[in-house]
Amino acid sequence: MAKKIKRIGILTAGGDSPGLNAAIRGVGKAALGYFGMEIVGFRDGFRGLAENRRIDLDRSALSGILTIGGTILGTSRDKPHRMVIDGRTKDMTGVIKNNLKKWGIDCVVCLGGGGTQKNAFRLHQAGINVITLPKTIDNDVAMTDATFGYATALGIATDAIDRLHSTAHSHHRIIVVEIMGHRAGWLTLGAGLAGGADVILIPEIPYSVKRIAEAIGRRSKRGSSFSIVAVAEGAMSGDDARIFRMAEKVLKRAKTLNGKLEAKREITALEVRHQGNTMRLARQLEELTHLEARLTILGYVQRGGTPCAEDRILATRLGSACADLISEGKFGVMVAARGDGTEPVPLDEVAGKLKFVSPDHSWVESARRVGTCLGD
Ligand code: F6P
């Protein structure tokens, strides 16, 4: 028979996202009130486990947080196996394992995106009882229908596109709006569709600036002298995509440590160069179309504020299902959203994988049908 779980730990890692507090509340209230467990919060992601940054999550701490943005626990991108402690990078996995034993914590709930799933999987492999929930505004965690945070960010980005239309049509301008998403284009595609962007550029579909300019030119000829270009942070031209692919191939093939480091440096340099991409795109479109072009970067506005109803429901559903699984002693899994229900998915099926937009996804097809340019 599985050991009775008495005390659970919970942490939030990676970027903050709407719905994190709703999920903490969902796990906590079900664990405390329904299953009679004790719950301890760890501050600042995995660092909290290594440095004993603990807070007790009693009923009053879990009350009144459903609608609050960010995370009451704080977050960080620290990795358990590569954590900077007193200026030196250390593997803290063993320390974390001992700490949890010492404090009588039977399992740790990790709320986060792709990076967090990977880190949680490493802890699971080290023999720690972990269970995860999928959060991110990018909606790119593998093996789940949805991640909390996405629906709220989608609403914010859509609202931004609606508002940008005012200036675009009044001044006859091209407005390039940069939306979050380095690897996956769900947020840009969703907001672009919902906001009626004229051009949608996502990382999964490399673009040609010439084709975009031609599409904008066709709109001008039809009497629409403005255009909204919704572009994901990670979208890139066909040429840049080839350069990145080459650099990634070099990294994969590198046999020596030096070779690997060199290839990683090259990729970092390319990423740094890519940061000004949307600004460059706006300039290129101005040159090619002879229309004024402006750039708006939505940035962290997309991650902030009150979670929408959909995210609150999803976070509560996943959180309470998580408490159920803990009570059954089921660990090493992510609680995935599956239709109206939830499903435990083994972490090895999630870690290191991302959910991308397939170029023939129905949203892409619908965008094309209504005349949106995808840049290809
Ligand atoms: O939460 C995911 C995400 O918002 C990505 O879309 C974005 O690229 C990244 O986090 C940036 O976050 P930060 O600046 O906090 O590292």
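This is a short talk on the fold, one cavity and a few residues of the structure above.

Okay, ground rules first. What we have is a predicted model, where local features need pLDDT of at least 70 and side-chain atom pairs count only at pLDDT 80 or more, while totals for chains, interfaces and linings use all residues. Numbering runs from 1 along each chain as its sequence is written, and side-chain values use heavy atoms, with hydrogens and water left out.

Let's start with the whole chain. There are 13 helices and 13 strands; those are DSSP runs numbered from the N terminus, H or I with at least four residues for helices and E with at least two for strands. Put a box around the C-alpha atoms along the principal axes and you get roughly 70 × 50 × 35 Å. The radius of gyration is 22 Å, which agrees with the value near 21 Å for a compact globule of 376 residues. That radius is taken over C-alpha atoms, and the globule rule is 2.2 Å times the number of residues to the power 0.38. As for burial, 52% of the 376 residues count as buried. Buried here is under 20% relative accessible area, exposed is over 50%, and partly exposed is in between, with a 1.4 Å probe and protein chains only.

Now, the cavity. Rolling a probe the size of a water molecule over the atoms shows where empty space is left. How many cavities of 30 Å³ or more does a search of the whole structure find? One. By cavity I mean a set of points, on a 1 Å grid over the protein atoms alone, where a 1.4 Å probe fits but cannot get out; lining residues have an atom within 4 Å of a point. The volume of the largest cavity is about 50 Å³, counted as the space filled by probe spheres set on the points, with grid points joined across faces, edges and corners.

Who lines the largest cavity? Asp240, Ile243, Phe244, Leu270, Arg273 and His274. Helix H9 (238–253) and helix H10 (257–274) each supply at least two residues of that lining. By type, the lining has three nonpolar residues, one polar and two charged. For that split, Ala, Val, Leu, Ile, Met, Phe, Trp, Tyr, Cys and Pro are nonpolar, Asp, Glu, Lys and Arg are charged, and the others, Gly among them, are polar.

Let's stay with H10. Its 18 residues reach 26 Å from first C-alpha to last, close to the 26 Å expected at 1.5 Å a residue; the expected span is 1.5 Å times one less than the number of residues. On the buried side we have Ala263, Ile267, Leu270 and His274. Down the axis of H10, those buried residues fall within an arc of 60°, so they line one face of the helix. The arc is that of the directions from the helix axis to the C-beta atoms. Turned away from the buried side, the other face of H10 carries the exposed residues Leu257, Asn258, Arg265 and Val272. The textbook background: an α-helix has 3.6 residues a turn, so residues three or four places apart point the same way.

Next helix, H11, residues 277–289. With 13 residues, H11 reaches 18 Å, close to the 18 Å expected. Its buried residues are Asn277, Thr278, Leu281, Ala282, Leu285 and Thr289. Down the axis of H11 they fall within an arc of 140°, so they too line one face of their helix. Right after H11 comes histidine 290, with a positive phi near 60°.

Speaking of positive phi, here are two more. Aspartate 44 has phi near 60° and sits in the loop between strand E2 (38–42) and helix H2 (46–50). At 22% relative accessibility, aspartate 44 is partly exposed. Asparagine 139 also has phi near 60°, in the loop between strand E7 (130–134) and helix H6 (150–171). Is asparagine 139 buried or exposed? Buried, at 7% relative accessibility.

Last, some residue pairs. Isoleucine 10, in strand E1 (residues 7–12), is buried with a relative accessible area of 0%. Its C-alpha is 8.5 Å from that of cysteine 107, 97 residues apart along the chain. Tyrosine 300 lies in the loop between strand E11 (293–297) and helix H12 (309–327), and counts as exposed at 62% relative accessibility. The C-alpha atoms of tyrosine 300 and alanine 153 are separated by 9.8 Å, with their positions 147 residues apart along the chain.

Technical notes. 1 Å grid on protein atoms, 1.4 Å probe; cavity = no way out; pocket = protein on both sides within 12 Å on 5 of 7 lines; lining within 4 Å.
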